[in-house]
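Reader: I'm new to this one. Could you show it to me and let me ask how you know things?

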Amino acid sequence: MSKLVALDLKMIVTIVDGGTGQDVVDFSKEAGAVGGTILHGRGSGVHDTGKFFGLEIQPEKDIVLTLVPDELELDVMETIGKGIKIGKPGNGVCFSVDIAKAMGMTSIKTFGETKTMDELNK
């Protein structure tokens, strides 16, 4: 059996302070997303610099990746933005990236248009 491939998705990338990534996932789900993946990183932006006893501090960040169908992109981004109060300096950044094809998600049939790998290879 050929694997299903979801077409024309958006990946919403949200970068927030460490420990608040789950909040982003919860806001995403509230707006209709299926879930998200939380990665961990270190900040180096203007709001992330600081020193403690002369040592430079690099705050932890959560990077949340959320795949959604094109039609959910703006609703999910708006809900995340309101939820994390993105308008306040230092509260995070949220942007989206076009994803032409994706496979391997258990809920792939909920991602709008899908085709089998065999169909795409023709």
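Reader: Which residues touch the most other members of the largest nonpolar core?

Author: Before that, a word on the source: this is a predicted model, where local features need pLDDT of at least 70, side-chain atom pairs count only at pLDDT 80 or more, and totals for chains, interfaces and linings use all residues. Residues are numbered from 1 along each chain as its sequence is written, and side-chain values use heavy atoms, leaving out hydrogens and water. Now the core: among its 13 residues, I12, V24, V68, V76, I80, I84 and C94 touch the most other members. At least two residues each come from β1 (4-17), α1 (21-30), β5 (60-69) and α2, and α2 gives the largest share, four residues.

Reader: What makes a set of residues a nonpolar core?

Author: It's a set of buried Ala, Val, Leu, Ile, Met, Phe, Trp, Tyr and Cys residues joined through side-chain atoms within 4.5 Å. Buried means under 20% relative accessible area, exposed means over 50%, and partly exposed is in between (1.4 Å probe, protein chains only). There's also a second, separate core of nine residues, including L9, I63, I99 and A102.

Reader: What does V76 touch?

Author: Setting aside neighbours within four places in sequence, V76 is in contact (heavy atoms within 4.5 Å) with I12, S28, A31, A33 and V68.

Reader: Why is F95 called partly exposed?

Author: Its relative accessible area is 37%, and partly exposed covers what lies between buried and exposed, so the label fits F95. You'll find F95 in strand β6 (residues 93-102); a strand here is a DSSP run of E, at least two residues, and a helix a run of H or I, at least four, numbered from the N terminus. V93, F95 and V97 form a nonpolar patch on the surface, with about 210 Å² of accessible area together. Such a patch joins nonpolar side chains (Val, Leu, Ile, Met, Phe, Trp, Tyr) within 5 Å, from residues with over 30% relative accessible area and no salt bridge; like charges are joined within 9 Å. Areas come from the Shrake-Rupley method with a 1.4 Å probe, and for residues only the protein chains shown count as cover.

Reader: How do you know that E73 has no salt bridge?

Author: A salt bridge needs a side-chain nitrogen of Lys or Arg within 4 Å of a carboxyl oxygen of Asp or Glu. For buried E73, the nearest side chain of opposite charge, K10, is 4.2 Å away, so there is no salt bridge. E73 sits in helix α2 (residues 73-84).

Terms used. Lys, Arg positive; Asp, Glu negative; His and termini not counted.
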